[in-house]
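User: Could you take a close look at a single part of this model for me? I'd like to know what surrounds it and how its neighbours are arranged.

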Amino acid sequence: MTIVFDFIIGLVTGILSGFGIGGGSLLILYLTLFSGVPQYTAAGINLLYFIFCAPAALISHFKNKLIDGKTALCCIAAGVPSSVLAAIAAAYLDVGVLRRIFGVFLLYIGIRELFFDIPSRRKAPGRRPDSDLVSSGAESGAIKNPEKKTDI
Amino acid sequence: MKKKIITGGLAGAANGFFGAGGGLFLVPLFVRWLGLEQKRAFATSVAVILPLSAVSLVVYFLKGGISISSVWPTLLGGLVGGIVSGRVFGGVNVTTLRRIFGILIIYGGIRAVLLI
């Protein structure tokens with residue numbers, strides 16, 4: 001039964017992860033709160049998990065022309081060294097302290113996700129970044145009007 | 001260029017330190033700073049986080065060791081979730097999902113801060 005439940009948790013958080021909506025944070029919470037996994041181990045499991053989950057979603061995003069390649073490459077180049085340093089730093093912290101810091105981070109993110117909209121796109125002169133999107137009909141009405149409230 | 005480097009650096013820091021959450025930094029910065037359309041920002045964040053996760057994972061593996069044997073059902077679920085995710089993304093209302101996610105994450109955040 002636990003196996004089925006774990007699979008479902010993986011499935012649901014995987015869908016969110018593929019969207020880029022923080023499935024990983026939820027998975028870490030599940031592992032630490034319900035499976036009793038220590039914070040650092042849970043973080044490691046989530047990283048491994050993302051390697052399983054993200055490629056398929058990424059292929060679809062590529063096919064749908066949703067990836068800004070230049071931006072991605074730049075961010076990856078900058079992110080690799082900071083990832084390594086941060087991962088080493090986390091290894092030396094007390095697990096309880098790490099979990100508390102993670103909690104503060106979650107509260108900040110949670111309040112932001114719950115109460116604030118992602119700001120509408122700034123006008124970038126001379127660029128038509130999503131013309132391909134609109135023509136392919138990939139956007140829903142709600143996304144075309146980011147100001148429109150869709151509170152639950 | 002400078003903004004992209006700062007954005008990527010922050011995402012890497014979150015990814016390495018927490019083992020998650022890089023995307024949560026990336027999406028708003030992509031939209032606000034770099035002028036990406038929303039869905040594009042979410043999708044591009046996945047493209048950035050995947051290689052960063054691979055790099056962080058190496059460190060975590062060396063420092064802590066990760067046993068796959070106990071978490072394989074979750075990994076398998078993630079594999080299927082990833083496939084589903086890419087296919088349905090076009091028709092998804094991201095805002096509603098963010099709100100639900102926000103509630104769950106605040107609950108988890110409170111428990112994490114209090115270590116309960």
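Analyst: **Helix 5 of chain A and its surroundings**

Happy to. Helix 5 of chain A covers residues 95-115, which is 21 residues, and spans 30 Å from first to last C-alpha, close to the 30 Å expected at 1.5 Å a residue (1.5 Å times one less than the number of residues). Helices here are DSSP runs of H or I with at least four residues, numbered from the N terminus. This is a predicted model, in which local features need pLDDT of at least 70 and side-chain atom pairs pLDDT 80 or more, while totals for chains, interfaces and linings use all residues. Residues count from 1 along each chain as written, chains are lettered from A and ligands numbered from 1 in written order, and side-chain values use heavy atoms, without hydrogens or water.

At the start of helix 5 of chain A, Asp94(A) places a side-chain oxygen within 3.0 Å of the backbone nitrogen of Gly96(A). Further along, the buried residues (under 20% relative accessible area, 1.4 Å probe, protein chains only) include Leu98(A), Phe102(A), Phe105(A), Leu106(A) and Ile109(A). Charged names are on that list too, among them Arg99(A), Arg112(A) and Glu113(A).

What lies over these residues? The cover includes helices 2, 3 and 4 of chain A, together with helices 1, 2 and 5 of chain B.

Take helix 2 of chain A from that list. Its axis comes within 7 Å of the axis of helix 1 (residues 2-19) of chain A, crossing at roughly 155 degrees; axes are lines fitted to C-alpha atoms over the stretch in contact, with angles from 0 to 180 degrees between N-to-C directions. Helix 1 of chain A is therefore roughly antiparallel to helix 2 of chain A (an angle over 145 degrees). Where they meet, helix 1 of chain A supplies Phe5(A), Ile9(A) and Leu16(A), among others, and helix 2 of chain A supplies residues including Leu26(A), Leu27(A) and Tyr30(A).

Another covering element, helix 3 of chain A, is joined to helix 4 of chain A by a loop that holds Lys65(A). Lys65(A) has a positive phi of about 55 degrees without being a glycine, and its 55% relative accessibility makes it exposed (over 50%).

Over in chain B, Phe30(B) makes contacts (heavy atoms within 4.5 Å) in both chains: leaving aside neighbours within four places in sequence, its partners include Thr71(A), Cys75(A), Thr7(B) and Val48(B).

Note on methods
Helix = DSSP H or I, 4+ residues; strand = E, 2+ residues; numbered from the N terminus. Polar contact = N/O pair within 3.5 Å; in protein donor to acceptor, adjacent residues only side chain to side chain. Parallel < 35°, antiparallel > 145°, perpendicular 65-115°, else oblique.
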